[in-house]
Amino acid sequence: MVNAPPPPSWAGQHQVTTTESIGPPAGFWIRFVAYIVDAFILTLALVVIGAVSVGLAVAIGGSKGEYSDVAIGAGVVLAVLAYLVIGWLYEALLTSGPHGATFGKQAVGVRIVRADGAPLSFGRATGRHFLKVFVTPMIPLAIGYLLAAFTSGKRALHDFMADTLVIKGR
């Protein structure tokens, strides 16, 4: 009988036993306030983008005030697509950046880290954003978001799926 190699050693690996070893978790309400600040910032961006898009569509329509419904529709579609891209880049670039937080999260003093305490990569921040925007809302009654109020690590569904933590402190 041939001896099998021993299993890999985890002795040199950093193991997280609790979220408190990384930092205290940010609760539901502080995260909600950060969300409101970020939503306000992104809404301002949408208003500017929408105004420019629709203004261009009307300008293309002609000098007599006649404009095409197709041009207006295209302007609205362009504004929505731009908003989705801006929302993604806003969150992914800022949460994978040196502060590990969007402007809203920075304002309330929280940041996002991987479950092992390491900063987020752009890829993980992108995945977390799209999980938060498209997957978590699929759970009825906002339960995916409300998990942050009731789980021990104060993690929402997208935090579990992306293996991230929202913690207090800078």
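In this predicted model, Ala92 is in contact with Phe122, Ala125 and Thr126, once its neighbours within four places in sequence are left aside. Ala92 also belongs to the largest nonpolar core, a set of seven residues in which it is joined by Ala26, Val110, Ile112, Leu120, Ala125 and Val166. Ala125 therefore appears twice in this part of the picture, as a contact of Ala92 and as a fellow member of the core, whose residues are by definition buried and joined through side-chain atoms within 4.5 Å. As a general background to such a grouping, nonpolar side chains in soluble globular proteins tend to be buried together.

From the core one can turn to Leu42, which is found in helix H1. Leu42 has a relative accessible area of 14%, and because the limit for a buried residue is under 20%, it counts as buried. Not counting residues up to four places away in sequence, Leu42 touches Tyr83, Ile86, Gly87 and Tyr90. A further distance places Leu42 relative to Leu84: their C-alpha atoms are separated by 9.8 Å, although the two residues are 42 residues apart along the chain.

Leu84 itself leads to the surface, where it takes part in a nonpolar patch of about 770 Å² together with Val54, Val58, Val76, Val77, Val80, Leu81, Phe130, Val133 and Phe134. Three elements give two or more residues to this patch, namely helix H1 (28–61), helix H2 (69–95) and helix H4 (122–135). The largest share, five residues, comes from H2. One of the patch members, Phe130, has its place in helix H4, and with a relative accessible area of 33% Phe130 is partly exposed.

The aromatic residues of helix H1 offer another way into the structure. Eight aromatic pairs are counted in the model, and in one of them the rings of Phe28 and Phe32 have their centres 6.2 Å apart and their planes at 15°, so this pair is stacked. Both residues lie in helix H1 and are four residues apart, which is about one turn of the helix. The two partners fall into separate accessibility classes, since Phe28 is buried at a relative accessible area of 18%, whereas Phe32, at 36%, counts as partly exposed. Ring pairs also link Phe28 and Phe32 with Trp29 and Tyr35 into a cluster.

The charged side chains come next. In general, side chains of opposite charge can pair when their charged atoms come close. A search of the whole structure finds six salt bridges, and one of these joins Asp159 to Arg31, with the closest N and O atoms 2.6 Å apart. Because Asp159 lies in helix H6 (residues 157–162) and Arg31 in helix H1, the pair ties together parts that are 128 residues apart in sequence. Both partners are buried, Asp159 with a relative accessible area of 0% and Arg31 with one of 12%. Asp159 also meets Arg128 in a salt bridge, at 2.9 Å from N to O. This second pair links distant parts of the chain as well, with Asp159 in helix H6 and Arg128 in helix H4, 31 residues apart. Arg128, like Asp159, is buried. These residues are part of a network of salt bridges that links Arg31, Glu91, Arg128, Lys132 and Asp159.

A salt bridge with another kind of setting is formed by the side chains of Asp116 and Arg114, which meet at 2.5 Å from N to O. Here Asp116 counts as partly exposed at 33% relative accessibility, and Arg114 is likewise partly exposed, with a relative accessible area of 27%.

Finally, the backbone deserves a look at two loop positions. Most residues other than glycine have a negative phi. Leu141, although it is not a glycine, has a positive phi of about 60°, and it is found in the loop between H4 and helix H5 (143–150). The side of the picture given by accessibility is that Leu141 is exposed, with a relative accessible area of 76%. Lys154, also not a glycine, has a positive phi of about 55° and has its place in the loop between H5 and H6. With a relative accessible area of 27%, Lys154 is partly exposed.

Technical notes:
Residues are numbered from 1 along each chain as its sequence is written. This is a predicted model: local features need pLDDT of at least 70, side-chain atom pairs count only at pLDDT 80 or more; totals for chains, interfaces and linings use all residues. Side-chain values use heavy atoms; hydrogens and water are left out. Buried means under 20% relative accessible area, exposed over 50%, partly exposed in between (1.4 Å probe, protein chains only). Contact means heavy atoms within 4.5 Å. Patches are made of residues with over 30% relative accessible area and no salt bridge: like charges are joined within 9 Å, nonpolar side chains (Val, Leu, Ile, Met, Phe, Trp, Tyr) within 5 Å. Accessible areas come from the Shrake-Rupley method with a 1.4 Å probe; for residues, only the protein chains shown count as cover. A salt bridge is a side-chain nitrogen of Lys or Arg within 4 Å of a carboxyl oxygen of Asp or Glu. Rings of Phe, Tyr and Trp (its six-membered ring) pair if their centres lie within 6.5 Å; planes under 30 degrees apart count as stacked, over 60 as edge-to-face and the rest as tilted.
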